[in-house]
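I opened the file today and wanted to look up a few things in turn. These are my notes, in the order I made them.

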Protein chains: 2
Amino acid sequence: MAAASPNLAALVFDAYGTLYDVTAVAARCAHHFPGNGPAVSGLWRQKQLEYSWLNALMERHPDFWRLTEEGLRFACSALGLPLSDAAAADLIGEYLKLSAYPEVPGALERLSRKLPLAILSNGTRTMLEGVTRHNGLTERFRHILSVDEAGVFKPAPRVYQLAVERLGAPKERIGFVSTNAWDAAGAKSFGLHVIWINRFKRPRERLGYEPDREIHTLDELIPIAGA
Amino acid sequence: MAAASPNLAALVFDAYGTLYDVTAVAARCAHHFPGNGPAVSGLWRQKQLEYSWLNALMERHPDFWRLTEEGLRFACSALGLPLSDAAAADLIGEYLKLSAYPEVPGALERLSRKLPLAILSNGTRTMLEGVTRHNGLTERFRHILSVDEAGVFKPAPRVYQLAVERLGAPKERIGFVSTNAWDAAGAKSFGLHVIWINRFKRPRERLGYEPDREIHTLDELIPIAGA
């Protein structure tokens, strides 16, 4: 179904939901809001993303840490749940302590022997370096790139252009790996070689830009990259 | 709580959810998908908006009619519900036959005697002219403006700039009226005088740009506009 992969020069990974498992955030929501965990975490994630898209369209760029807090505050307000500053700090702090998905450390170890690897995420540099260090994966990456360097959020083309500039490779030889289907579509619209990790068996988004490959865990990337 | 309104030179209205009641779409979903009406209509509306934001960030501009269809097709696919072409056409066609909220015709009649009125919406010109004609309101508006003239969706500043160019008034003297809190935030970030119709008693979005006024039905705009 997928065309043969090109001779890839580098691999670039999204962070949240792609390398790092965000379900710990949902579990922490259940701790603070018994009986309302899924409602809070679902609306929080939706607003975190919406606020990134809306701010980008408004040509504003508050950082992702702040949007993460604003999304949480909206979710609690909309659900009528009081949120103390201590609980907010605890919940947002989870983003620095997320665990990598189980297969990620081993897969990155093999992939990094074959190709330069990078992270490209909506997160701030502090958030991305923090969670990567927490997982002992700092050495695996040639670059950890935050959208802050582009001054706009995904899926704006300027974000994906950062990868091209930093890796110094033609865009069609950069493999971009994301679990987020809208991020995969944005990268494909820009012109990267896109591998969608469909971890959650979701239907494809109807944005008009299909991934070059669809896989389900990072292990499946190893033969594709020849690693 | 709100500052005194400036000497307004014109009023510009969002369309869907502001002038025209979209609950008929939900009712039609319940007809086609018994037991799943709210699930389909909720996810459909969410995707319709998400696709407008994502395409705008990707610097692509499929029109809103097409995004409306893609959103519907995604919703049915995600929910595992078959969607015939006839049902799709029937459901999307509802957008041309929406009714104005009950107070809208009378309020527009009074407001139009005092100030020039315009519509500024994500909808295509065909969609906007169709639903306005259906409600017998064509004569009330000096301009019916589609984002297609700007080549991008709300809340990009270029969209709100259209109102300034067509109405020939300073932006702070243009009253922009929307039920959609994110649209109100975008208009405020751009610099219009913003009146948020909070029809559904929703919490404010945490986007950093508060409306100048919050009202609950269009009737409340009459004294504000001195009409």
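**Entry 1: where the chains meet**

I began with the contact between the chains, which takes 31 residues from chain B and 31 residues from chain A; contact means heavy atoms within 4.5 Å. I note that this is a predicted model, in which local features need pLDDT of at least 70, side-chain atom pairs count only at pLDDT 80 or more, and totals for chains, interfaces and linings use all residues. Residues are numbered from 1 along each chain as its sequence is written, chains are lettered from A and ligands numbered from 1 in the order in which they are written, and side-chain values use heavy atoms, with hydrogens and water left out.

Next I looked up the area. Chain B and chain A bury about 3,000 Å² between them, and 65% of it is on carbon and sulfur atoms. Buried area is the accessible area (1.4 Å probe) that two parts lose on being put together, summed over both. On the chain B side, L57(B), M58(B) and R206(B) lose the most area to chain A, together 25% of what that side buries.

I then asked how many salt bridges there are between chain B and chain A. The count is four, where a salt bridge is a side-chain nitrogen of Lys or Arg within 4 Å of a carboxyl oxygen of Asp or Glu. In one salt bridge the side chain of R206(B) meets that of E70(A), at 2.6 Å from N to O.

I also found twelve residue pairs in polar contact between the two chains, both residues at pLDDT 80 or more. A polar contact is a pair of N or O atoms within 3.5 Å; within protein, one must be able to donate a hydrogen and the other to accept it, and residues adjacent in sequence count only if both atoms are side-chain atoms.

Helix 2, helix 3 and helix 8 (181-190) of chain B each give two or more residues to the side that touches chain A. Helices (H or I, at least four residues) and strands (E, at least two) are DSSP runs, numbered from the N terminus. Helix 2 of chain B gives the most to that side, with nine residues.

**Entry 2: D85(B) and its helix**

I looked up D85(B) in helix 4 (residues 85-93) of chain B. Is D85(B) buried or exposed? D85(B) is exposed, with a relative accessible area of 59%; buried means under 20%, exposed over 50%, and partly exposed in between (1.4 Å probe, protein chains only). The side chain of D85(B) makes a polar contact with that of R73(B), at 3.1 Å.

The buried residues of helix 4 of chain B are A87(B), A88(B), L91(B), I92(B) and G93(B). I saw that these buried residues pack against helix 1 (23-32), helix 2 (37-57) and helix 3 (64-78) of chain B.

**Entry 3: chain A and V152(A)**

Chain A has nine helices and eight strands. Of its 227 residues, 56% count as buried. The C-alpha atoms of chain A fill a box of roughly 55 × 35 × 30 Å along the principal axes.

My last residue was V152(A), in the loop between strand 5 (143-146) and helix 7 (157-167) of chain A. V152(A) is buried, with a relative accessible area of 8%. Not counting residues up to four places away in sequence, V152(A) touches A56(A), H61(A), V147(A), R158(A) and V159(A). The C-alpha atoms of V152(A) and N55(A) are separated by 8.3 Å, with their positions 97 residues apart along the chain.
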